[in-house]
Amino acid sequence: MILLAIGLVMFGVFAARFHTDRRRLGNGVFLLLGALFAGVSLVTAAGDGMLRLLAVVVIVLSPVAVLTLAGLLVGNGVQMVAREGLRLPNVLSLGAGLVLLVPYVLFVTAVVAESIWIAVGAASVTLVIGYFGLSLIAFLAYAFLYGRLGYQPGMDAIVVHGAGLDGGRVPPLLASRLDRALAVFRAEFDSGRSPVVVTSGGKGPDEAVSEALAMSTYLVDNGLPAEVVVHEDRSTNTNENLLFTKELLDLRGGSTRMVLVTSNFHILRTAILARRLELDAEVVGARTAYYYLPSAVLREFVGLIVEYKWMNTTACLALLALPPLVVLTVGVPWVSAH
């Protein structure tokens with residue numbers, strides 16, 4: 001009952017935070033904690049037989065699941081490099097897959113070398129990977145939920161975030177965002193409103209024109225009235241997309257309630273940034289090719305890890321230190337002096 005009560009409290013905290021502002025990363029953490037505590041409570045209530053069965057399933061299937069996931073991530077990383085080129089963002093899934101294999105390599109090494117301290121190192125690494133694994137699950141679960149909430153109609157502006165050009169051409173990833181923006185505008189227009197559409201993106205060194213100009217051309221060619229389009233052509237990242245768009249809309253005067261249109265993997269991080277900048281904004285996502293999603297999602301996750309770097313660094317250091325402290329405090333028989 002205690003575990004169930006804790007789970008219900010976690011769900012209550014999630015509901016309160018969600019009602020206050022749904023653009024919080026911590027909402028996903030409380031949602032996951034509530035589900036974990038409630039799930040463990042239900043399994044415990046089912047009796048010792050269920051606990052033993054669950055333990056066997058975890059012991060047997062966890063390594064299989066992890067190794068399978070590692071293989072899929074490595075395969076996706078190879079596919080990303082083959083399709084998109086050898087760049088850091090494209091090897092994230094490959095790197096994640098290899099990282100998942102590290103604890104197994106260390107444990108095998110510890111057995112072969114008969115070294116307790118290599119085993120302790122493996123335990124430390126496993127704890128850190130587990131921490132990031134649970135954080136990723138919380139991020140994915142809440143991003144999935146947030147992406148299906150939609151937005152409240154009645155926007156003053158529809159802001160489309162750039163995603164890079166193929167020379168001067170709009171590539172499929174960006175075209176998907178623009179198509180979603182067109183759908184949002186038509187829904188607003190059918191309800192009697194005519195929001196301004198802001199195309200946001202500067203000109204990269206390998207681009208013939210600014211992303212803002214290429215996007216506006218695409219939108220007008222696909223039926224958007226040219227008079228409702230405004231260019232924001234200075235930004236080079238999401239933070240600048242938001243800041244420069246806010247400046248642009250403030251200069252035009254009036255209300256600046258906006259819906260931000262980006263890719264589905266980018267919606268939660270964009271919403272968090274908009275909240276930090278105190279923008280009256282909601283976010284909707286456009287579909288992304290499935291092969292592109294693992295690396296894209298990992299890139300978003302890494303970005304959030306970096307933004308909360310001090311909290312994550314502290315947690316990792318504590319988890320790394322825990323197994324050695326247990327060995328030194330409690331004592332474990334030495335297998336070898338190595």
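**Rings, strands and a helix in a predicted model**

The structure holds seven aromatic pairs. Keep in mind that this is a predicted model.

Biologist: Let's start with Phe 139 and Phe 301, which form an aromatic pair. How many residues apart in sequence are the parts that this pair ties together?

Modeller: The two rings are 6.0 Å centre to centre, with 45 degrees between the planes, which makes the pair tilted. Phe 139 belongs to helix α5 and Phe 301 to helix α10, so the pair links parts of the chain that are distant in numbering: 162 residues apart.

Biologist: Is Phe 139 buried or exposed?

Modeller: The cut-off for buried is under 20% relative accessible area. Phe 139 has a relative accessible area of 3%. Its partner Phe 301 is also under the cut-off, at 10%. So Phe 139 is buried.

Biologist: And Phe 185 with Phe 189: is that pair stacked or tilted?

Modeller: Those rings are 6.0 Å centre to centre, with 20 degrees between the planes. Planes under 30 degrees apart count as stacked. So the pair of Phe 185 and Phe 189 is stacked.

Biologist: Which helix holds both Phe 185 and Phe 189?

Modeller: The two are four residues apart, about one turn of the helix. An α-helix has 3.6 residues a turn, so residues three or four places apart point the same way. At 4% relative accessibility, Phe 185 is buried. Both residues lie in helix α6.

Biologist: Which residue forms one aromatic cluster with Phe 14 and Phe 18?

Modeller: Phe 14 and Phe 18 share this cluster with a tyrosine. That residue is Tyr 142.

Biologist: What about charges over rings: which ring does the charged end of Arg 234 sit over?

Modeller: There is such a case at Arg 83, which lies over the face of Tyr 291 at 4.3 Å from the ring centre. For Arg 234, the charged end is 3.9 Å from the centre of the ring of Phe 244.

Biologist: Now the strands. How many of the residues of strand β4 are buried?

Modeller: Strand β4 covers residues 258–263. β4 is largely enclosed by the rest of the structure, because the count of buried residues is six of the six.

Biologist: Which residue stands opposite Thr 262?

Modeller: β4 pairs with strand β1 in the parallel sense over four bridges, and there Ile 158 stands opposite Val 259. β4 also pairs with strand β5 in the parallel sense, over six bridges. Thr 262 has its opposite number in β5, namely Gly 285.

Biologist: Which helix joins β4 and β5 in a β-α-β unit?

Modeller: The unit is right-handed, and its helix covers residues 267–276. Seven of the 10 residues of this helix, α9, are buried, so it is largely enclosed by the rest of the structure. Among those buried residues are Ile 267, Leu 268 and Ile 272, and the buried set packs against elements including α5, α8 and α10. The helix of the unit is α9.

Biologist: Which residue follows α9 with a positive phi?

Modeller: The residue is found in the loop between α9 and β5. Its phi is near 60 degrees, a positive value in a residue other than glycine. The residue is Glu 278.

Biologist: Is Glu 278 buried or exposed?

Modeller: A residue counts as exposed over 50% relative accessible area. Glu 278 has a relative accessibility of 71%, so the verdict is exposed.

How values were computed: Residues are numbered from 1 along each chain as its sequence is written. This is a predicted model: local features need pLDDT of at least 70, side-chain atom pairs count only at pLDDT 80 or more; totals for chains, interfaces and linings use all residues. Side-chain values use heavy atoms; hydrogens and water are left out. Buried means under 20% relative accessible area, exposed over 50%, partly exposed in between (1.4 Å probe, protein chains only). Two strands pair if DSSP finds at least two bridges between them. A crossover is right-handed if, with the strands pointing away from the viewer, the path from the first strand over the helix to the second runs clockwise. Contact means heavy atoms within 4.5 Å. Rings of Phe, Tyr and Trp (its six-membered ring) pair if their centres lie within 6.5 Å; planes under 30 degrees apart count as stacked, over 60 as edge-to-face and the rest as tilted. A charge sits over a ring if NZ of Lys or CZ of Arg is within 6 Å of the ring centre and within 35 degrees of the ring normal.
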